[in-house]
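Ready for some practice in reading a protein structure? Take a look at the sequence and the 3D view, and keep both at hand.

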Amino acid sequence: MECYNPAEAMDRARILELQAVRLKNTVYQATRAPFYRERLAREGIRIQDVATAEDIRKLPFTTKEDLRAQYPYGLLAVPLKHLVRLHASSGTTGSPTVIFHTAGDLNTWAELVARCMFMVGIRPNDVFQNMSGYGLFTGGLGIHYGAERLGCLTIPAGAGNSKRQIKLLQDFRVTAIHIIPSYALHLGTVFTSLDFDPKLLSLRIALIGAEPHTDATRKRIEDIYGLKAFNSYGLSEMNGPGVAFECGAQNGMHLWEDSYLAEIVDPETLEPVPDGQIGELVLTTLTREGMPIIRYRTRDLTRFLPGECPCGRQHRRIDRILGRADDMFIVKGVNIYPMQIENVLMSMPEVGQNYLIILEKKGFLDQVRVKVEIREEFFVEDMRVLSALQAKIASRLRDEILITPKVDLVEPNTLPSSEGKAVRVDDRRGLNGQ
Ligand code: ADP
Ligand code: ZN
């Protein structure tokens, strides 16, 4: 195994040993923040109670609401003069949360991101274009500093402006990119409209993440650009990208357990679920100085993948994120995740690169409507052909989600597309006042 950082090659025993030491340090550091000092005192937890990684279970959870309530400075564990940067979450599910970093924190983070990039085969001679939004969002600067740390020529392209992205990709013979999956699909349609085959570019690797996506979506991205795409998971509360990352085996993401202590719990009982079972990912920072966070409830649903990874790394792997607990919607008593719908759609060659799920009320009944962009070549004049396709999509979706949705076929590039995280569900049920 070729490693960027020797920590990647640690065996389980060594990982657990290191976690025990770092967890104790984290708890100690956390008590310097007013929020944790009070909370740990209230729960009667003393530093000496934390001796092994297992002892994490004695500690209280931290939620997004806790972080919001401590806005702006309640979670700082160091004096302000030791801080050098702040980031904020995208605010997908409400007002953003703010995270502070010391110079040491930024250094550790850059090392983690560099480690991920090296793992998937990126080297200093790669030219790397970061198509993520810069600014408060961590996908910009987070990936940027990792790429520079690794030694790549790094292009801070930022999000959007597709024509300029394409020019940069072409002029500088870019070999590796970081891109949000829904934008990668959208950019593919821009290439098509320019009659330019993106396979002719020099691209060989894409890092894709920041939003849930399916394996079918990944395969599409790989086919459009002729590259390998690797899933990248992170969240601002845990720095940002660099928390878990796919290796060359492309079979689950290694979660860097020397830097984060991960648990997967039942969101109702908050008890750990057995390996292989889906639950809510809970993460604890193990190296952060400025703002340590203990048992953060990510709301992201995934599972630990059982078995060993052929790459030899023993940091446990998590499955691709099924979605956020908040993404689930219930229609006619059935729980549905947008990714179930995406999985069906993106596996069908007739389907184009975008879709939108609309939840509406018909009388007293909830109804799911799925607007689906169809590829140009399948958008024919013959109504019978289109109706047959509509029926086929509805029936495939019914097999997956157990209720029959209404399916509207629309032309390519007619649904709203986003430069940032895609909005997959438009819930109009409340608008009727029912
Ligand atoms: P926000 O929670 O406001 O979107 P962030 O920008 O910090 O703020 O985004 C982190 C969230 O993005 C994660 O909690 C997760 O829901 C989602 N996410 C990040 N990477 C991935 C990925 N590879 N797959 C699925 N979801 C992801
Ligand atoms: Zn692996």
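Below are exercises with worked solutions, all on this predicted model.

**Exercise 1. The shell of ligand 1**

Task: Find out how many residues surround ligand 1, which element gives the most to the shell, and how the shell divides by class.

Solution:

Step 1. Start with the count: 20 residues surround ligand 1. The closest are Ser-90, Gly-91, Thr-92, Ser-236 and Asp-300.

Step 2. Next, look at the elements. With four residues, strand β7 (residues 228–234) gives the most to this shell.

Step 3. Now sort the shell by class. It has nine polar, six nonpolar and five charged residues.

**Exercise 2. Polar atoms at ligand 1**

Task: Which protein atoms lie 2.6 Å, 2.7 Å and 2.8 Å from an atom of ligand 1?

Solution:

Step 1. Take the oxygen side of the ligand. An oxygen atom of ligand 1 is 2.6 Å from a polar side-chain atom of Asp-300.

Step 2. Turn to nitrogen. A nitrogen atom of ligand 1 lies 2.7 Å from a backbone N or O atom of Ser-232. For Asn-231 the partner is an N or O atom in the side chain, 2.8 Å from a nitrogen atom of ligand 1.

Step 3. Finish with the surface. Ligand 1 exposes 560 Å² when taken alone, and the protein buries 97% of that.

**Exercise 3. The zinc ion**

Task: Name the protein donors of the zinc ion (ligand 2), and work out why their arrangement is tetrahedral.

Solution:

Step 1. List the donors. They are the SG atoms of Cys-247, Cys-309 and Cys-311, together with NE2 of His-254, and they lie 2.1 to 2.3 Å from the zinc ion.

Step 2. Check the angles. Four donors count as tetrahedral if all angles lie between 85 and 135 degrees. Around the zinc ion the four donor atoms subtend angles of 102 to 118°, so the arrangement is tetrahedral.

Step 3. Follow the donors along the chain. Their spacing is C-x6-H-x54-C-x1-C. Cys-247 sits in the loop between β8 (241–246) and β9 (253–255), while Cys-309 sits in the loop between β12 (296–302) and β13 (317–318), so this pair ties together parts that are 62 residues apart in sequence.

Step 4. Decide whether these two cysteines are covered. Buried means under 20% relative accessible area. Cys-247 has 0% relative accessibility, so it counts as buried. Cys-309 has 8%, so it counts as buried as well.

**Exercise 4. A side chain in helix α1**

Task: Is Gln-19 buried or exposed, and which backbone oxygen lies 2.9 Å from a polar atom of its side chain?

Solution:

Step 1. Locate Gln-19: it belongs to helix α1 (residues 12–30).

Step 2. Read the accessibility. The relative accessible area of Gln-19 is 4%, so this residue is buried.

Step 3. Find the partner. The backbone oxygen belongs to Glu-257, and it lies 2.9 Å from a polar atom of the Gln-19 side chain.

**Exercise 5. Backbone angles to look up**

Task: Find the cis peptide bond that Pro-72 takes part in, then describe phi for Leu-270 and Arg-299.

Solution:

Step 1. The cis bond joins Tyr-71 and Pro-72, with omega about 0°. Pro-72 is in the loop between α3 (64–69) and β1 (83–88).

Step 2. Leu-270 has a positive phi, near 65°, although it is a residue other than glycine. You can find Leu-270 in the loop between β10 (260–265) and β11 (279–285). With a relative accessible area of 24%, Leu-270 is partly exposed.

Step 3. Arg-299 is another non-glycine residue with a positive phi, here near 70°. Its place is in strand β12. Arg-299 is partly exposed, at 31% relative accessible area.

**Exercise 6. Helices and distances**

Task: Which side chain makes a polar contact with that of Asp-171, how many residues of helix α9 are buried, and how far is Ala-51 from Met-346?

Solution:

Step 1. Asp-171 lies in helix α6 (residues 162–171). Its side chain makes a polar contact of 2.6 Å with the side chain of Lys-167.

Step 2. In helix α9 (residues 338–346), eight of the nine residues are buried. Met-346 is one of them.

Step 3. Ala-51 is in the loop between α2 (34–42) and α3, and it is exposed, with a relative accessible area of 52%. The C-alpha atoms of Ala-51 and Met-346 are separated by 47 Å, and the two residues are 295 residues apart along the chain.

Notes: Residues are numbered from 1 along each chain as its sequence is written. Chains are lettered from A and ligands numbered from 1 in the order in which they are written. This is a predicted model: local features need pLDDT of at least 70, side-chain atom pairs count only at pLDDT 80 or more; totals for chains, interfaces and linings use all residues. Side-chain values use heavy atoms; hydrogens and water are left out. A residue is near a molecule or strand if one of its heavy atoms lies within 4 Å of it. A polar contact is a pair of N or O atoms within 3.5 Å; within protein, one must be able to donate a hydrogen and the other to accept it, and residues adjacent in sequence count only if both atoms are side-chain atoms. Accessible areas come from the Shrake-Rupley method with a 1.4 Å probe; for residues, only the protein chains shown count as cover. Helices (H or I, at least four residues) and strands (E, at least two) are DSSP runs, numbered from the N terminus. Ala, Val, Leu, Ile, Met, Phe, Trp, Tyr, Cys and Pro count as nonpolar, Asp, Glu, Lys and Arg as charged, and the others, Gly among them, as polar. Donors are N, O and S atoms within 2.8 Å of the metal (3.2 Å for Na, K and Ca); water is not among the atoms, so sites may look incomplete. Four donors count as tetrahedral if all angles lie between 85 and 135 degrees; four count as square planar and six as octahedral if opposite donors are over 155 degrees apart and all others between 65 and 115; anything else is irregular. Buried means under 20% relative accessible area, exposed over 50%, partly exposed in between (1.4 Å probe, protein chains only).
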